[in-house]
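Notebook open, structure loaded. I wanted to look up a few strands, one helix and the place where the chains touch.

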Amino acid sequence: MTLTARPVEAPPGDRATAARELPVERLTSSADRRRRFRVPRAIARLSGVVVILAVWQLAAVTGRLPRTFLGSPVDVARAAGHLIADGELPAAIGTSLHRVLVGFALGLVVGVVLALVSGLSRIGEDLVDAPVQMLRTVPFAGIVPLLIIWLGVGELPKVVLIALGVTFPVYINLSAGIRQVDPGLVEAGRTLGLGRLGLVRHVVVGAALPQLLVGVRIALGVSWLALVFAEQISATSGIGYLMTSAQELLQTDTIVVCLVVYALLGLLADLVVRVLERVLLPWRQTFTPDDAQGATR
Amino acid sequence: MTATSAPEPTVTRTDGAAGGELAVDVRGLGRTFGSGTSATTVIEHLDLAVPAGQFVALLGASGCGKSTLLRVLAGLDGGVTGDVTVARNRAVAFQAPRLLPWKKVWRNVVLGVPGATRETALAALREVRLEHRADAWPGTLSGGEAQRASLARALVRQPDLLLLDEPFGALDALTRLTAQELVRELWHAHRPAVVLVTHDVDEALLLADRVLVMAHGRIEHDVPVVGDRAHGSAEYAEQRGRLLGWLGVHDGEAS
């Protein structure tokens with residue numbers, strides 16, 4: 001659209017009014033606007049990180065930051081190189097990942113089953129919901145002493161702790177999702193001749209799936225947290241063990257490497273959920289782009 | 001969740017296929033919500049018979065019980081008294097299209113139809129001129145398209161009784177005209193009995209053979225639509241004026 005000034009002619013019959021200029025403004029951008037060079041946004045956003053790394057490195061090099069307090073970025077990179085080269089880090093990641101996967105799977109199954117029982121029948125809701133809501137208020141990490149008494153210090157308490165952390169967000173979100181199914185759709189399903197099983201299969205599952213994935217996303221975050229707690233229980237392998245032994249030797253660089261690994265794995269988990277949402281909820285992408293909602297972590 | 005359903009309504013079903021029979025036979029219907037002092041009676045001593053193939057419009061002011069009656073006929077309301085017999089083969093189109101957003105349009109159309117294929121769905125979609133949107137997600141349809149998909153979903157069941165609950169209410173004026181024309185066409189092609197709930201007198205006169213006016217929980221007026229349906233004809237104007245009068249609008253102030 002281009003608006004240009006044009007004198008407004010006085011109507012022919014009205015000679016008293018002289019032709020006058022109508023005040024206008026141009027709303028489209030003019031072609032001669034200067035195009036300045038711009039740093040790509042992705043690079044610009046990294047500048048803060050670069051500054052921090054530079055200051056950190058500088059502080060280490062000038063001796064203001066003793067290595068026993070915090071290793072420099074270069075030290076951290078070197079430590080990472082060593083840990084990867086001698087296979088210690090990949091092995092630790094493998095062990096930790098295995099714990100998270102088993103614990104997560106266990107928690108997911110328990111959470112889904114409980115939510116189905118509670119969401120699909122009145123009796124189930126009465127039986128399951130109140131106890132689960134009560135247990136939910138206990139911070140799961142506080143159960144560690146009991147778990148050690150019950151299950152010792154092997155793999156089992158670690159996996160169970162992660163499973164516990166996962167069960168609750170899955171349960172809460174899925175059972176809410178089931179209860180929030182649009183009654184209009186259930187009614188429509190009934191007029192279409194769907195029985196109880198058909199309603200669950202075609203209406204409830206579809207309606208509750210987005211909410212389940214919200215639960216899964218939260219649960220993945222929690223499972224990582226639970227892993228950190230679990231691996232403080234006298235672990236002899238895994239990322240947590242790597243950190244504990246580094247702590248005894250004041251190897252701050254190794255600890256930082258482990259923290260970075262935790263962060264990367266968390267990022268990876270988020271990516272997995274995004275892919276899952278894309279695959280399982282293709283119908284939603286048309287009107288709720290996930291990226292528009294911003295990060296949830 | 002809501003699937004913990006109300007008990008199956010006390011609806012006896014006839015085999016609607018038998019010719020010359022009633023698609024709807026309601027005797028002494030009553031429906032009361034709540035109990036004790038807070039009880040509200042929405043329908044009382046209502047009788048209604050709709051022969052197979054007839055197009056009936058059910059008019060009435062908001063809250064007169066017409067939607068409740070439609071829900072009873074659809075078998076969605078279990079708390080009624082009296083005798084209700086309706087064609088077993090029936091379909092409903094609601095005011096909101098109520099398509100499942102997570103199923104593609106064609107899957108919505110044949111949902112719950114045993115043995116139905118994509119071809120079955122496409123044939124029904126072709127009839128409502130929506131074949132090209134068969135693989136779309138319902139969330140991407142316009143209001144008119146979604147309502148047509150909902151009609152195709154009703155049609156594909158080859159109902160003997162088609163229940164329409166203000167299906168054009170949420171459409172814009174132009175889309176509504178097209179949709180009304182489509183419903184008339186489909187009725188001519190398939191000849192189900194139709195009960196159309198509406199509060200639009202013109203729509204009732206345009207589509208129906210017979211108009212019922214509901215008030216105070218019963219059918220107060222029951223008249224056939226006769227003569228020239230064209231706007232502007234004397235008969236049309238007279239019927240319109242009378243119906244509006246029954247609905248409490250006088251003097252023909254609405255154009």
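First, a term I need: two strands count as paired if DSSP finds at least two bridges between them. I also note that this is a predicted model.

Entry 1, strands of chain B. I looked up strand E2 (residues 22-33) of chain B and found that it pairs with strand E3 (residues 40-51) of chain B in the antiparallel sense, over eight bridges. I picked one pair from E3(B): B:Leu46 is the bridge partner of B:Leu29. The two strands make a hairpin with six residues between them, and B:Gly34 in the turn has a positive phi of about 75°. E2(B) also pairs with strand E5 (residues 80-87) of chain B, again antiparallel, over six bridges. There I found B:Val24 opposite B:Val86 of E5(B).

Entry 2, helix H9 of chain A. Which residues of H9 (residues 239-248) are buried? I get A:Ile239, A:Gly240, A:Leu242 and A:Met243. They sit on the same side of H9(A), because they cover an arc of only 160° around the axis. I checked what covers them, and the list includes helix H3 (88-120), helix H8 (196-230) and helix H10 (252-280) of chain A. Just after H9(A), I noted A:Leu250 with a positive phi of about 55°.

Entry 3, where the chains touch. The contact takes 29 residues from chain A and 18 residues from chain B. On the chain A side, H3, helix H6 (155-179), helix H7 (183-191) and H8 each give two or more residues. I sorted that side by class and got 15 nonpolar, nine polar and five charged residues.

Conventions
Residues numbered from 1 in each chain as written. Chains lettered and ligands numbered in written order. Predicted model: local features only at pLDDT ≥ 70, side-chain atom pairs only at ≥ 80, totals over all residues. Buried ≥ 20, exposed ≤ 12 C-beta atoms within 10 Å, placed from the backbone. Helix = DSSP H or I, 4+ residues; strand = E, 2+ residues; numbered from the N terminus. Arc of directions from axis to C-beta. Contact = placed C-beta atoms within 7 Å. Nonpolar A, V, L, I, M, F, W, Y, C, P; charged D, E, K, R; others polar.
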